[in-house]
Amino acid sequence: SDEDVYFLPQRPYCALGSLKDQLLYPSFDEVNPEDYPEGHRLSKSHLLRQSLTDQDLLDVLDEVDLSELAARAGDGDKVKGLYTELDWSNTLSLGEQQRLAFGRVLVNQP
């Protein structure tokens, strides 16, 4: 099924938003089941944002060797760094973007 496949491009897409948004992409801020037709099944990516803690996301960054990224973005505060909005495609090197994209794989667990 489509939920079992996750595309990981050579040049990853960096969404507009926070570092947390980068890791959780393509999940949504809020999910309202009433916005979908009756019988629609919400995918795992719809529910990620509601189920993962800040510490879970910091652990993922550590797993992809980007543990300093949140602190760097948050002026030393890792949690603040998760919520910092930057132009990530111009802030991160291509290698960092690729590791961040691999972090998305770990978060989405296809």
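A salt bridge is a side-chain nitrogen of Lys or Arg within 4 Å of a carboxyl oxygen of Asp or Glu. Keep that in mind as you work through these exercises on a predicted model.

## Exercise 1: A bridge between two helices

Task: Work out where the salt bridge of Lys20 and Asp54 sits and what it joins.

Solution:
- Step 1. Check the distance. The side chains of Lys20 and Asp54 meet with N and O 3.6 Å apart, and the cut-off is 4 Å.
- Step 2. Place the partners. Lys20 belongs to helix H1 (residues 19-24), while Asp54 belongs to helix H3, so the pair ties together parts that are 34 residues apart in sequence.
- Step 3. Ask how covered the lysine is. Lys20 has a relative accessible area of 10%, so Lys20 is buried, because buried means under 20%.
- Step 4. Set the pair in context. A search of the whole structure gives four salt bridges.

## Exercise 2: A small network

Task: Find out which residues are linked with Arg72 in a network of salt bridges.

Solution:
- Step 1. Start inside one helix. Arg72 forms a salt bridge with Glu68, with their closest N and O atoms 3.9 Å apart. Both residues lie in helix H4, four residues apart, which is about one turn of the helix.
- Step 2. Look for another partner. The side chain of Arg72 also meets that of Glu96 in a salt bridge, at 3.4 Å from N to O. Glu96 is in helix H7 (residues 94-108) and Arg72 in helix H4, so this pair ties together parts that are 24 residues apart in sequence.
- Step 3. Join the pieces. Glu68, Arg72 and Glu96 are linked in a network of salt bridges.
- Step 4. Compare the surroundings. Arg72 is partly exposed at 42% relative accessibility, and Glu68 is partly exposed at 36%. Glu96, with 11%, is buried.

## Exercise 3: Charges on the surface

Task: Name the residues that gather in a patch of negative charge on the surface.

Solution:
- Step 1. Collect the members. They are Asp56, Asp59, Asp62 and Glu63.
- Step 2. Take one of them and place it. Asp56 lies in helix H3, which covers residues 54-63.
- Step 3. Check that this residue can belong to a patch. Asp56 is partly exposed, with a relative accessible area of 31%, and a patch takes residues with over 30%.

## Exercise 4: Two unusual backbone angles

Task: Describe what stands out about phi at Asp65 and at Asp75.

Solution:
- Step 1. Recall the usual case. Most residues other than glycine have a negative phi.
- Step 2. Read the angle at Asp65. Its phi is positive, about 60°, although Asp65 is not a glycine. This residue is found in the loop between H3 and helix H4 (67-73).
- Step 3. Do likewise for Asp75. Here phi is positive at about 50°, and Asp75 is not a glycine either. Its place is the loop between H4 and helix H5 (78-82).
- Step 4. Add the accessibility. Asp65 is exposed, with a relative accessible area of 52%, and Asp75 is exposed with 69%.

## Exercise 5: Two buried neighbours

Task: Decide whether Ser18 is buried or exposed, do likewise for Leu19, and list what each one touches, leaving out residues up to four places away in sequence.

Solution:
- Step 1. Place the residues. Ser18 is in the segment before H1, and Leu19 is in helix H1.
- Step 2. Use the cut-off of under 20% for buried. Ser18 counts as buried at 5% relative accessibility. Leu19 is buried with 0%.
- Step 3. List the contacts of Ser18: Leu82, Tyr83, Thr84, Glu85 and Trp88.
- Step 4. List the contacts of Leu19. These are Leu61, Leu69, Ala70, Gly81, Leu82, Thr84, Trp88 and Leu100.
- Step 5. Try one distance. Leu19 and Leu57 are 38 residues apart in sequence, and their C-alpha atoms are 9.6 Å apart in space.

## Exercise 6: The whole chain

Task: Summarise the protein chain in terms of its helices and strands, its buried share and its contacts.

Solution:
- Step 1. Count the elements. The chain has seven helices and zero strands, giving the pattern α-α-α-α-α-α-α along the sequence.
- Step 2. Give the buried share. Of the 110 residues in the chain, 39% are buried.
- Step 3. Look at contacts between residues at least 6 apart in sequence. Among these, 68% join residues at least 24 apart.
- Step 4. Finish with the surface. The chain exposes about 6,800 Å², and carbon and sulfur atoms supply 49% of that area.

How values were computed:
Residues numbered from 1 in each chain as written. Predicted model: local features only at pLDDT ≥ 70, side-chain atom pairs only at ≥ 80, totals over all residues. Heavy atoms only, no water. Patch = residues over 30% accessible without salt bridge, like charges linked within 9 Å, V, L, I, M, F, W, Y side chains within 5 Å. Areas by Shrake-Rupley, 256 points an atom, 1.4 Å probe, with all protein chains shown as cover. Lys, Arg positive; Asp, Glu negative; His and termini not counted. Charge placed at Lys NZ, Arg CZ, Asp CG, Glu CD. Helix = DSSP H or I, 4+ residues; strand = E, 2+ residues; numbered from the N terminus. Buried < 20%, exposed > 50% of the residue type's maximum accessible area, 1.4 Å probe, protein only. Contact = heavy atoms within 4.5 Å.
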